[in-house]
Amino acid sequence: MIQLRMSRPEEVSRQKEVWKLAFGDDDSYIDFYYDNYYAPDRVFVLEEDGEIKTMLATFPIRLYLPDGTYAISAYFYALGTDPKDRNKGYGRRIFGYAEEQLRAKGVDCTTLVPQEPSLFRFFDTIGYGKSFSHRKIELTRHMLPKAPEGGRIVPATPSRYNKLRDQLLKGAYYVAYPDDLIRHQKGVSQMAGGDIFELEIDGAAGVAAVEYMDEENVILKELLVPGERMEQARARLAAAAPATFVDGVKGSYVQAFGVIKWFQEELEQKWGRDTHGYLGLAFD
């Protein structure tokens with residue numbers, strides 16, 4: 001018998017097991033989520049014959065429009081199924097259940113980042129449209145200009161980072177996170193050898209979320225500065241990070257990043273079907 005429901009604290013060990021089997025993440029990463037962010041009503045589970053087979057975690061977020069209005073959204077995160085139980089349609093079932101529950105609570109839409117490009121087609125079949133994109137650039141250190149003299153780069157508190165982030169994105173279509181999610185990102189960045197930072201480049205403020213991919217490479221999960229300061233900011237961050245700035249080839253490209261499923265037609269029309277907003281952090 002299959003049952004769909006919210007999670008329970010006493011079954012966290014099984015949830016962690018499913019997470020580990022589904023994604024292969026380190027125990028420390030999984031424990032960090034459960035020690036700092038888990039709550040029973042933030043995780044949905046699919047149980048069959050008394051055993052959890054699939055889990056789906058959620059984060060509360062807001063989608064801001066240029067006029068300052070916003071939609072209430074839930075960000076879907078860590079959809080995982082025990083590998084021995086895949087290809088049974090459990091993912092679709094738990095998505096449908098979670099959407100139904102969230103809609104009843106007044107959530108306007110759900111948002112997620114597909115784990116890989118091939119999954120955009122799957123999410124399209126269940127009503128999710130491409131609504132976020134991001135620009136990726138891969139650089140080696142020698143491709144960067146000389147780091148600017150002066151300026152400042154210091155670890156940021158979650159509240160300070162979030163305040164600056166909202167100021168930099170004001171007037172755009174973007175996702176805003178509560179401070180506790182920025183705190184979550186700070187912990188994740190620190191676990192990966194990095195941090196979240198406040199920047200000052202030639203009088204302009206910015207923020208950056210930095211994680212090490214390995215000993216040789218570092219990735220910026222988010223870099224927000226005024227456009228004319230972008231190269232200087234990258235060079236300043238590279239000078240502060242004892243690693244290659246991101247191994248690869250010169251150039252940048254835009255690609256689809258996140259998707260939305262709307263429950264409110266009026267808000268969907270206001271957002272616009274062709275709008276590609278800024279999501280930034282994905283907590284992947």
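The following paragraphs lead from the overall make-up of the chain to one sheet, its helices, the nonpolar cores and a few individual residues.

The structure is a predicted model. Its protein chain contains eight helices and 12 strands. Of the 284 residues in the chain, 49% are buried. The chain exposes about 13900 Å², and carbon and sulfur atoms supply 48% of that area. When contacts between residues at least 6 apart in sequence are considered, 72% of them join residues at least 24 apart.

One part of the fold is an open sheet of four strands. Its order is S7-S9-S10-S11, with antiparallel pairing. The edges are formed by strand S7 (152-155) and strand S11 (218-224); each has a single partner strand, so one side of each remains without a neighbour in the sheet. On average, and with direction ignored, neighbouring strands of this sheet are turned by 25 degrees against each other. In general, the strands of a sheet pair through backbone hydrogen bonds, in either a parallel or an antiparallel manner. Within the present sheet, strand S9 (residues 195-201) and strand S10 (residues 204-212) are joined in the antiparallel sense over seven bridges. Glu 200, for instance, has Ala 205 of S10 as its bridge partner.

Two helices lie across this sheet. Helix H5 (residues 158-169) lies across S9, S10 and S11 and runs at about 120 degrees to S10. Helix H6 (residues 179-191) lies across S7, S9, S10 and S11, and its direction makes an angle of about 100 degrees with S9. The length of H6 can be checked against expectation: at 1.5 Å a residue, its 13 residues should span 18 Å, and the end C-alpha atoms are indeed 18 Å apart. Buried residues of H6 include Leu 181, Ile 182, Val 188 and also His 184, Gln 185 and Lys 186. Just after H6, Gly 193 adopts a positive phi of about 85 degrees.

What does the nonpolar interior consist of? The largest nonpolar core has 51 residues, and those with the most contacts inside it are Trp 19, Tyr 33, Leu 63, Tyr 75, Tyr 77, Tyr 177 and Leu 279. Strand S3 (residues 51-64) provides the largest share of this core, namely seven residues. A second core, separate from it, has 18 residues, among them Ala 74, Phe 76, Phe 120 and Ile 126.

Phe 120 also appears in the surroundings of Ala 256, a residue of strand S12 (residues 252-262). Leaving aside residues up to four places away in sequence, Ala 256 touches Phe 120, Lys 130, Phe 132 and Ser 133. Ala 256 has a relative accessible area of 25% and is therefore partly exposed. Its C-alpha atom is separated by 9.3 Å from that of Val 113, although the two residues are 143 residues apart along the chain.

Two residues in loops merit attention for their backbone angles. Most residues other than glycine have a negative phi. Asp 49, which is not a glycine, nevertheless has a positive phi of about 50 degrees. Asp 49 is located in the loop between strand S2 (43-48) and S3, and its relative accessibility of 62% places it among exposed residues. Asn 87, likewise not a glycine, has a positive phi of about 65 degrees. Asn 87 belongs to the loop between strand S4 (70-81) and helix H3 (90-104), and with a relative accessible area of 84% Asn 87 is exposed.

Definitions and conventions
Residues are numbered from 1 along each chain as its sequence is written. This is a predicted model: local features need pLDDT of at least 70, side-chain atom pairs count only at pLDDT 80 or more; totals for chains, interfaces and linings use all residues. Side-chain values use heavy atoms; hydrogens and water are left out. Buried means under 20% relative accessible area, exposed over 50%, partly exposed in between (1.4 Å probe, protein chains only). Contact means heavy atoms within 4.5 Å. Accessible areas come from the Shrake-Rupley method with a 1.4 Å probe; for residues, only the protein chains shown count as cover. Two strands pair if DSSP finds at least two bridges between them. Axes are lines fitted to C-alpha atoms, for helices over the stretch in contact, and angles run from 0 to 180 degrees between N-to-C directions. A nonpolar core is a set of buried Ala, Val, Leu, Ile, Met, Phe, Trp, Tyr and Cys residues joined through side-chain atoms within 4.5 Å. The expected span of a helix is 1.5 Å times one less than its number of residues.
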